Each structure stands twice: as structure tokens, then as C-alpha cells.
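User: I am new to this structure and would like a close look at one part of it. Could you walk me through how the pieces meet and what space is left between them?

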Amino acid sequence: MFKNHTNYKYILFVLPALVYVAALSFFPAASVVFLSFKTPKGAYSLGNYYAIESGLLKSTFDTVIVSFGALLIQLFFAILIANILIKSLKGNKLFSTIFIIPYGISTVVSAFIFSLIFSAVGGFANSTLHSLGLLHLFGIASVNWYATQYTSMGIVMFADFWKNTPLIALILLGGLSSIDPAIMEAASVDGAGSFRRFIHIILPNLAPYIAIALLIRGVSEFNIFALPLVLIGYHPSLINTLVYEYFTSISSVDYSYAAATILLLIIVAFAVLVIKLGGASNYEKQ
Amino acid sequence: MKNSNIPSYIIAIILAIIFIYPLYILILIAFEPVSLTFDRLYPYQLPFDFTLANFKASIKDLSLIAPVLRSVVVAFIVAILAIVLSTSAGYGLNKISSKFSNKIIVLMFFANMLPAIVIAIPISVYFIKLGLYDNVFGIALAQELVVLPISTFIMLGGFRALPVDLENQTNIDGANLLSSFRYVIIPLIRVPLIITFLLAWMTSWDEFTYAIIISPLAPTFPVSLYDYVSRGDPFISSSFALLVTIPVIVIVVFLQKYLKGEYLTGGMKA
């Protein structure tokens with residue numbers, strides 16, 4: 001009885017934050033879904049969805065490719081980095097400081113730098129190829145990095161890998177340091193080489209951390225907006241840039257609600273899936 | 001044992017070069033004469049010359065100073081609001097049963113996963129009505145959504161680390177809630193407070209989606225940098241970009257020892 005009484009009092013401290021999240025997050029999200037069915041004439045129908053169907057399908061597809069591609073690259077290099085940083089190499093402090101630098105460079109600044117490195121004509125990447133003599137070898141003046149939509153998406157993935165790998169590496173480093181060194185030593189004594197130690201000890205122990213990293217980065221990967229907007233504009237449009245493209249031209253504001261609803265749907269599905277499979281349910285059990 | 005480290009070193013050095021290269025390019029174009037970088041088809045990659053002319057030009061261009069100041073103001077509002085809301089929420093969550101408080105944390109992180117652009121569009125409509133459109137408070141209120149869950153989680157962790165009887169003892173000594181907070185609790189949770197503040201500050205500094213939709217005409221620094229880049233005059237902004245990036249890199253290097261997996265994952269334990 002007494003305990004319940006105190007509980008209610010302390011909820012009051014949590015309320016401001018909860019009300020904040022509800023008012024500025026759940027309510028607007030719900031209103032987007034509602035407004036997406038309202039056509040310019042004021043009637044409620046699926047008109048907005050039909051109007052943008054083909055563009056939406058294509059950018060959904062492209063977004064999925066970019067998201068999963070970037071996730072895989074990040075995961076691979078993050079595992080590599082975490083495995084290097086866990087060793088007590090000389091100069092590791094310097095390495096870990098260097099590896100964390102991208103985390104401190106804001107997304108737009110890094111997109112800006114990458115747009116200078118990968119210019120359609122010239123630029124620093126071409127300059128490197130030029131001084132290595134590679135451009136001369138193929139007889140071209142410069143590589144157009146935006147020649148096809150897939151190379152454009154590749155540039156976005158690379159920039160995203162650069163910016164966000166440090167975060168995943170830090171999470172995985174936390175996982176690696178939780179493995180008891182004695183297990184590794186025992187395996188080593190038993191004759192397991194470094195590859196077999198990696199497959200049979202490190203990977204299974206790291207799996208839950210990988211799941212969390214995938215959840216966190218996966219959700220933000222579907223939301224990637226500033227990077228593609230600065231680097232490739234609307235060629236091709238990913239879902240976020242598509243929503244923004246519709247939103248910024250007056251004639252298609254209503255379409256932006258429909259596209260936003262689809263984005264919301266994808267994110268919620270992905271989040272629920274990973275929460276069911278991974279981290280959050282474990283967190284509740286704690 | 002010595003030999004087995006050589007591949008690690010090689011990989012580490014290659015990765016280090018990849019991670020440092022873009023920052024190096026930013027520094028290079030900031031201090032090189034334009035004739036050696038932007039004006040050339042194949043810009044030089046080595047520092048052949050040194051000039052402060054780019055810096056002088058970018059500082060003279062006052063149109064970039066206003067957005068940077070605005071970003072600083074927004075970041076401070078976001079960070080202070082994060083401290084207030086998350087300290088209160090963390091304190092309350094620590095007192096209620098952990099089964100319930102964990103549910104609330106999960107709910108907040110779920111809200112955090114909703115795409116910013118989906119939320120920003122309807123919010124911008126409300127903010128026009130409320131007079132918060134194109135306004136630093138408007139941007140700050142929206143960006144607060146991004147930092148609130150992680151801040152609350154960090155503060156909850158801070159409160160959980162305190163001894164349970166601490167507050168009872170201050171009560172016995174005659175302190176009310178406010179004075180026990182001021183003299184006993186706050187000094188003990190200052191590390192999580194500092195981390196919350198810096199993380200919120202950095203997140204706001206970097207935030208783009210809410211900023212561009214809620215305040216396109218009075219932009220923060222990332223938005224105005226985007227404007228410059230999309231208009232195609234990058235060299236004014238490049239030295240400026242460096243100028244505003246360095247403080248954040250310093251913060252990150254300082255935060256490094258606190259940036260453990262646990263804070264970054266928002267406590268979703270493996």
C-alpha cells in the first residue's frame with residue numbers, strides 16, 4: 001500500500017519527458033498516417049499512394065539496397081577494428097583516437113568533404129588515380145563517380161561507412177572486452193588457430209552485440225537523409241529524400257505524407273522485428 | 001608473438017589512413033590557395049603552399065557567422081533542456097519498480113526510432129501556427145526528441161549507481177528534496193550530467209533533418225552549409241567547416257573514455 005503510494009508520486013517526475021515524447025513524436029506520426037489519405041480535393045482515398053506508386057517502389061528498393069549494403073560494410077570493418085583495438089598493441093591509443101574522429105565530424109560536413117573527393121569531373125579521388133597513372137592507363141580524363149545510379153549509391157554507402165563505422169566498432173569493442181581472456185588462452189593451448197578462435201569463440205560471444213548494433217544502425221540507415229541529399233541529390237531518390245522532394249514543392253505536399261507513411265511502416269516493421277529478436281526484450285528481463 | 005601482430009598493424013594503418021584522409025583533405029583545402037585545389041582539374045594532395053586567405057574570406061562573409069551562432073544557441077538549449085527533463089525522468093524512473101521503468105525506457109527508444117522526416121513535416125505545420133517556425137526554440141524543441149531517450153537512460157544509470165539510503169539520510173538530516181538535490185545528489189551525479197550535456201550538444205550540432213524542415217529560412221550551420229554546397233560555392237564554406245569541426249572533434253576525443261558501448265546502445269544489454 002505504502003509502496004504504491006510512493007510509486008505514483010515518482011511517476012510525476014517522469015511525466016514531463018513522457019508527455020514530451022507523446023506530443024512531439026507519437027501524435028505527429030499518427031497525424032501523418034491520417035493526412036496521407038487526404039487527397040488535394042479534401043476527400044479521403046488511396047489517391048496519394050496510387051499517384052506516386054512507381055517512384056515510391058523504386059526508391060524503397062534503392063533504400064533497402066543502400067541500407068543493407070552500408071550495414072554489411074560497416075559491420076565487417078567494425079569487427080575488424082574492434083579485434084585490432086582489443087589487442088594491446090603499441091600505439092593503440094593513437095589508433096582508437098583516429099578511428100573515432102569521423103564520429104565527431106558532422107554528417108553534412110562529411111558529406112561535403114566526400115563531394116569534393118568524389119567529383120563528377122576531377123576531384124581528389126580522380127587526382128589520386130591520376131598520380132598513380134591509372135587514368136592514363138585507361139585513356140580517360142576522369143572517372144565520373146555518378147555515372148550510374150549504382151555508383152552513386154556506392155558513394156553514399158562509402159560515406160556512410162566512413163561516418164558510422166566508429167560507432168559500431170565501439171559497441172563491438174564493448175562486447176569483445178566482455179569475453180574472458182582465459183577462454184581464449186585455453187582454446188589457444190588446445191591448438192585452435194586465430195581463425196578458429198574467431199569462428200568458435202569470438203563470433204558466438206559477439207552475436208548479441210552485433211544484433212544491437214544492427215538494430216541501432218539499421219534503423220538510422222533507413223533514415224539516412226543528409227548524406228544522400230548532399231552527395232547525390234535526387235539521383236536516385238532514397239525514401240527520405242523522396243519525401244523531402246515532394247514536401248518542398250507545393251503541388252506535391254500531399255504525396256509527401258503518403259511517402260512518409262510508407263517510410264514509417266518500414267521502420268516500425270524493422271524495429272519491432274529486431275526488438276522481438278534482440279536487445280530490448282533482454283533489457284526488460286534484467 | 002611479435003610476428004603475429006604485423007598483419008594487425010598493416011590493417012590498422014590502412015584503416016587509419018582511410019579514416020584520416022577526408023579530414024586531411026578538409027584541412028588541406030582550408031589552408032591551400034584556391035589555385036592549387038578548386039581551380040585545378042586534378043587538385044594537389046600534398047601541402048605545397050600555405051595561406052590564410054581562405055579563412056579571411058570566409059570570416060568576412062558574415063552570412064555564415066549567423067548560422068554558426070544559431071547552431072550554438074540551439075545546441076545549448078537542447079543540452080540544457082535534456083539535462084532538466086532527463087534528470088527529472090531519471091530520478092523518477094529510479095524510484096519506481098524496474099519492470100515498469102524499463103518499459104518506459106523501451107517506449108522512449110521506440111519513439112526515437114520513428115523517422116525524423118516523418119515527424120518533422122507535421123511538426124512544422126503546428127509550429128507555423130505556434131510561431132515556432134524559423135525559430136531557434138522550434139528547432140531545439142524538435143531536436144530534443146533525438147536526445148531525450150539516451151539522456152534519460154544515462155541519467156537513470158547515474159541515479160541507480162547512488163546508494164539507496166542516501167536520500168533517506170539527507171531527509172533525516174533535515175534536507176528537503178530541493179536542498180538534498182542541490183547539496184548531495186547533483187555533486188554525485190556530475191559525470192553522467194556532463195556526458196548527457198555533451199552528447200546532447202553534439203547531437204544537436206550535427207542534426208540536419210529537423211533543422212532543414214523546421215527552420216529553412218533561419219538555418220543552423222549544417223543547413224546553411226548544405227545551401228552553399230548545393231549552390232556550388234564550396235570554397236567559402238570549406239574553411240568554415242573546418243573551423244566549426246575542430247571543437248567537436250576535441251569534445252569527442254575528450255568523451256572517448258566515456259563512449260562505452262553501453263551508453264551508445266542506450267542500455268539494451270546483450
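Analyst: Here is a walk through one domain interface, then the chain interface and the cavities.

This is a predicted model, in which local features need pLDDT of at least 70 and side-chain atom pairs count only at pLDDT 80 or more, while totals for chains, interfaces and linings use all residues. Residues are numbered from 1 along each chain as its sequence is written, chains are lettered from A and ligands numbered from 1 in the order in which they are written, and side-chain values use heavy atoms, with hydrogens and water left out.

Let us start inside chain B, which is divided into domain 1 (3-51) and domain 2 (73-264); these bounds come from an automatic or database domain assignment. The C-alpha centres of the two domains lie 33 Å apart. Seven residues of domain 1 of chain B are in contact with eight residues of domain 2 of chain B, where contact means heavy atoms within 4.5 Å. Between them, about 600 Å² is buried, and carbon and sulfur atoms give 92% of that. Buried area is the accessible area (1.4 Å probe) that two parts lose on being put together, summed over both. On the domain 1 side, Leu26(B), Ala30(B) and Phe38(B) supply 63% of the area buried against domain 2, more than any other three residues. That side has seven nonpolar residues, with no polar and no charged ones. Here Ala, Val, Leu, Ile, Met, Phe, Trp, Tyr, Cys and Pro count as nonpolar, Asp, Glu, Lys and Arg as charged, and the others, Gly among them, as polar. Across this domain interface the rule finds zero salt bridges (a side-chain nitrogen of Lys or Arg within 4 Å of a carboxyl oxygen of Asp or Glu).

Now to the two chains. Their contact takes 97 residues from chain A and 98 residues from chain B. Chain A and chain B bury about 8,600 Å² between them, 79% of it on carbon and sulfur atoms. The salt bridge count between these chains is also zero.

Finally, the empty space. A search of the whole structure finds three cavities of 30 Å³ or more. On a 1 Å grid over the protein atoms alone, a cavity is a set of points where a 1.4 Å probe fits but cannot get out, and lining residues have an atom within 4 Å of a point. Grid points are joined across faces, edges and corners, and a volume is the space filled by probe spheres set on the points. The largest cavity holds about 1,400 Å³ of space. Of the 48 residues that line this cavity, the closest to its centre are Arg217(A), Ser220(A), Val146(B), Thr203(B) and Asp206(B).

Terms used
1 Å grid on protein atoms, 1.4 Å probe; cavity = no way out; pocket = protein on both sides within 12 Å on 5 of 7 lines; lining within 4 Å.
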